[in-house]
Amino acid sequence: MAQKAAKDNPTADSFALACRAGLAIGGFMETGEQAVQSLHQSLKDCEQALGLDPNHYVAALSHAIAIGFEGLRLRKVSYARASKREIEAFIRLYPQNALARGSLAGWHAAVAEEGWLARLFLGASRARAKSLYAEALVLPNLEAPLTYEYIRFLARGNAPDREKAVDLAAQMLAWPPKDGFEAILHERLKPLVAALKSADDGRIEEGVLVAKPFNGIDKWGKPNTVEIAAFPLKDAEGSR
């Protein structure tokens, strides 16, 4: 629907909306090859939007996040670095934007989850993620996706972090979702909250993964599955 609207009305806003819609659909409603195709289409739509408006808010941040997911799928450091550079450039443009700072927090959290080697090569840390989330949460334009990712982050923490995750989830779920995307986030949160209340580490880990966008993407497009070509990075580092 959003992709058709972008074709019918090719503006930066319509392409950016199509990009974000593709991320939501691929990230939460599809798996495997279909999800990767949606991810790649999102990147194309974002690049169309940025070609019309290089500083477009939704397109710039969505592109940075999408490149990060493609890097996770490919297990390529160059894509992770490109994602971080794009997020940091966005923060320089919009220093008081909560979602931008939260996206950098999410980058640190995601890379830290990949293990010590990723942390060593990319300079990510869970402690840095926590401080960035703290900075983001006091900024004025807080959005549901940021709160959602912060809850997932806290769920992997210690007992006080998990209690905070339950409280934040209760606050988020108390308000009716503003749109279809927020409705999806609400549904994904519910099993995670149940797992947190059970205090069962296995259930909590499973709940965190179920709530993760593009969960399992690092196994898609690999041997024994359909081979899916990499989405090309535009800078020279993308070839490495």
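Helix α11 is followed by Ala199, whose phi is positive, near 60 degrees. This residue belongs to a predicted model, in which the protein has 12 helices and zero strands. Buried residues account for 47% of the 240 residues. The points below start with α11 and its end, then move to the disulfide, the cores and one further loop.

**Helix α11 and the residue after it**

- Helix α11 covers residues 180-198, and its 19 residues should span 27 Å at 1.5 Å a residue; the C-alpha atoms at its ends are 28 Å apart, which agrees.
- At the start of α11, a side-chain oxygen of Asp179 comes to within 3.2 Å of the backbone nitrogen of Phe181.
- The buried residues of α11 are Glu182, Leu185, His186, Leu189, Leu192, Val193, Ala195 and Leu196.
- Those buried residues pack against four helices: α2 (12-28), α9 (144-155), α10 (159-174) and α12 (201-210).
- Ala199 sits in the loop between α11 and α12.
- Ala199 is not a glycine, yet its phi is positive at about 60 degrees.
- Most residues other than glycine have a negative phi.
- Is Ala199 buried or exposed? Its relative accessible area is 57%, and the cut-off for exposed is over 50%, so Ala199 is exposed.

**The disulfide and Ser62**

- The count of disulfides comes to one.
- The disulfide is formed by Cys19 and Cys46, with their sulfur atoms 2.0 Å apart.
- Cys19 lies in helix α2 and Cys46 in helix α3 (residues 32-52), so the pair ties together parts that are 27 residues apart in sequence.
- A disulfide is a covalent bond between the sulfur atoms of two cysteines.
- The angle about the S-S bond is -80 degrees, and the link of Cys19 and Cys46 is left-handed.
- Cys19 and Cys46 are both buried.
- Which residues does Ser62 touch, not counting residues up to four places away in sequence? They are Cys19, Arg20, Leu23 and Cys46, so both cysteines of the disulfide are among them.
- Ser62 is placed in helix α4 (residues 57-74).
- Ser62 has 7% relative accessibility; buried means under 20%, so Ser62 counts as buried.
- A polar atom of the Ser62 side chain lies 2.7 Å from the backbone oxygen of Val58.

**The nonpolar cores**

- The largest nonpolar core has 45 residues, and Ile151 and Leu192 are those with the most contacts inside it.
- The elements that give two or more residues to this core are α4, α5 (77-93), α6 (98-113), α8 (126-137), α9, α10, α11 and α12.
- Leaving out residues up to four places away in sequence, Ile151 touches Ala165, Leu168, Ala169, Met172, Leu189 and Leu192.
- Two of these partners, Leu189 and Leu192, are also among the buried residues of α11.
- A second, separate core has 18 residues, including Leu39, Leu43, Ala66 and Phe69.

**Phe69 in the second core**

- Phe69 is found in helix α4.
- The relative accessible area of Phe69 is 16%, and Phe69 is buried.
- Apart from its neighbours within four places in sequence, Phe69 is in contact with Leu39, Pro213, Phe214 and Ile217.
- One of these contacts, Leu39, is also included in the second core.
- The C-alpha atoms of Phe69 and Ala110 are separated by 9.7 Å, while the two residues are 41 residues apart along the chain.

**A second positive phi**

- Arg75 lies in the loop between α4 and α5.
- Arg75 is a residue other than glycine with a positive phi, near 60 degrees.
- With 47% relative accessibility, Arg75 counts as partly exposed.

**The protein as a whole**

- Among contacts between residues at least 6 apart in sequence, 62% join residues at least 24 apart.
- About 12000 Å² of the protein is exposed, and carbon and sulfur atoms supply 58% of it.

How values were computed
Residues numbered from 1 in each chain as written. Predicted model: local features only at pLDDT ≥ 70, side-chain atom pairs only at ≥ 80, totals over all residues. Heavy atoms only, no water. Buried < 20%, exposed > 50% of the residue type's maximum accessible area, 1.4 Å probe, protein only. Contact = heavy atoms within 4.5 Å. Areas by Shrake-Rupley, 256 points an atom, 1.4 Å probe, with all protein chains shown as cover. Expected span 1.5 Å × (residues − 1). Polar contact = N/O pair within 3.5 Å; in protein donor to acceptor, adjacent residues only side chain to side chain. Disulfide = S-S within 2.5 Å. Core = buried A, V, L, I, M, F, W, Y, C linked by side-chain atoms within 4.5 Å.
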